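Student: Could you take me through one part of this structure closely, the helices of chain B and the core they share with chain A? I would like to know how far to trust the model as well.

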Amino acid sequence: MGAVGATQLVMTAMSWLVFSLSGSAADLAILGMAASLPTIIVVVVVVVVGWLTNWIGAAS
Amino acid sequence: MMVTAPLSAALMTILALLDGAGAVQVWHVWVIAALFATVAGFDWPAWQSLFPSLIDRRYMTSVVSLNAMLWQGRRMVMPGVGRFIITILSTAAIFGIAAAGFLVMFAVIASLRVRAIKNRSGNALRAFAEGVRFIAHNRLFYVLIPLLLHHHVLQHVLPTDHAVVRRSVRSGCGCLRIAERRFGAGISRWHPWHRIATGLAPARPLHAG
């Protein structure tokens, strides 16, 4: 519970900080992308690794 | 999780120090947000897989429901708490609190006595492949996984909402905007017609006065 609570706090503070620094909605959008894309990429990599593992296991 | 919690704490400490020293720049926040999300990409599945080790199988449904309820509750409450802390302290304080929270989480995880679950295949990679096969053979996941991804992406589109909320607060209709944000008026408000209709001024730095 604390971890997700902390994550929500951090995202609020990061958004606030970026907007205070630049005042640009585009910068906030980039922040959203930076906070979202890596997680998706990690998930995709994990799935590909799993598929390869499965394929190697089936071949051997 | 023994690795991700200290890493998250370290990232938050760096950001707190940069922010506290007044040296923080926008790209610092971007980089740390990306690293934080990368760590979270490993952390979240680990959390999910921890449940079966902590509880009995017959309580799983209740635990999942409780977890989902707490998850949504936190998402509603924590931004408000964050705003309160920013008002009385600073954003650096939030990063410091988050760093301390991750260290506490690390201590809690380190103290857990988790019973080992024996894999049927006896090999972690094979067990993982077994999980992927299970997902591939159940069509329900073909809907659930895109839905989850969609939800995740949409959740991170919302930070741009801060721009609207903060500008609206200055223009005197903050309560309405914050209520709209909290209760979800939908992504349609990002369409140009909405921005024109609401007469939002172009963004400008707050410290510019």
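Tutor: Here is a walk from model confidence through the helices to the shared core and a few single residues.

This is a predicted model, so to speak of local features we need pLDDT of at least 70, and side-chain atom pairs count only at pLDDT 80 or more, while totals for chains, interfaces and linings use all residues; side-chain values use heavy atoms, with hydrogens and water left out. Residues are numbered from 1 along each chain as its sequence is written, and chains are lettered from A and ligands numbered from 1 in the order in which they are written.

Let's begin with confidence. The pLDDT (the predictor's confidence in each residue, from 0 to 100) averages 71 over chain B, and 66% of the residues score at least 70. Among the elements of chain B, helix H1 (residues 4-20) has the highest mean pLDDT, 90, and helix H9 (residues 192-198) the lowest, 42. The pLDDT is below 50 over residues 169-209 of chain B, yet beyond near neighbours in sequence this stretch has 57 contacts in the model, a contact being heavy atoms within 4.5 Å. For the complex, the predictor gives an ipTM of 0.78 and a pTM of 0.63.

Next, the overall make-up of chain B. Its secondary structure comes to 9 helices and 0 strands; these are DSSP runs numbered from the N terminus, with helices (H or I) of at least four residues and strands (E) of at least two. Of the 209 residues in chain B, 29% are buried, where buried means under 20% relative accessible area, exposed over 50%, and partly exposed in between (1.4 Å probe, protein chains only). Among contacts in chain B between residues at least 6 apart in sequence, 61% join residues at least 24 apart.

Now for two helices of chain B. H2(B) has 29 residues and reaches 41 Å from its first C-alpha to its last, close to the 42 Å expected at 1.5 Å a residue; the expected span is 1.5 Å times one less than the number of residues. A kink of about 25 degrees lies at Gly41(B), shortly before the proline Pro45(B). The bend at a residue is the angle between axes fitted to the seven residues ending there and the seven starting there. Trp47(B) is also found in H2 of chain B, and it counts as partly exposed because its relative accessibility is 23%. Trp47(B) and Met1(B) are 46 residues apart in sequence, but 7.7 Å apart in space, C-alpha to C-alpha.

Helix H3 of chain B (residues 60-88) has 29 residues and reaches 40 Å from its first C-alpha to its last, close to the expected 42 Å. H3(B) bends by about 30 degrees at Val77(B), with the proline Pro79(B) following within four residues. The buried residues of H3(B) include Arg74(B), Arg75(B), Met78(B), Pro79(B) and Ile86(B). Ile86(B) is buried because its relative accessible area is 12%. Not counting residues up to four places away in sequence, Ile86(B) touches Ala13(A) and Trp16(A) in chain A, and Thr91(B) and Ile94(B) in chain B.

That brings us to the core. A nonpolar core is a set of buried Ala, Val, Leu, Ile, Met, Phe, Trp, Tyr and Cys residues joined through side-chain atoms within 4.5 Å. The largest one has 39 residues, and those with the most contacts inside it are Met14(A), Met12(B), Val29(B), Phe95(B) and Phe102(B). Helices H1 (2-22) and H2 (25-59) of chain A, together with H1, H2 (26-54), H3 and H4 (91-111) of chain B, each supply at least two residues of this core. H1(A) gives the most, with 10 residues.

Finally, some polar details. Ser20(A) sits in helix H1 of chain A and counts as buried because its relative accessibility is 19%. A polar atom of the Ser20(A) side chain lies 2.8 Å from the backbone oxygen of Trp16(A).

Asp27(A), in helix H2 of chain A, is buried because its relative accessible area is 16%. A polar contact of 2.8 Å joins the side chains of Asp27(A) and Ser22(A); such a contact is a pair of N or O atoms within 3.5 Å, where, within protein, one must be able to donate a hydrogen and the other to accept it, and residues adjacent in sequence count only if both atoms are side-chain atoms. Not counting residues up to four places away in sequence, Asp27(A) touches Val18(A), Ser22(A), Val26(B) and Trp30(B).
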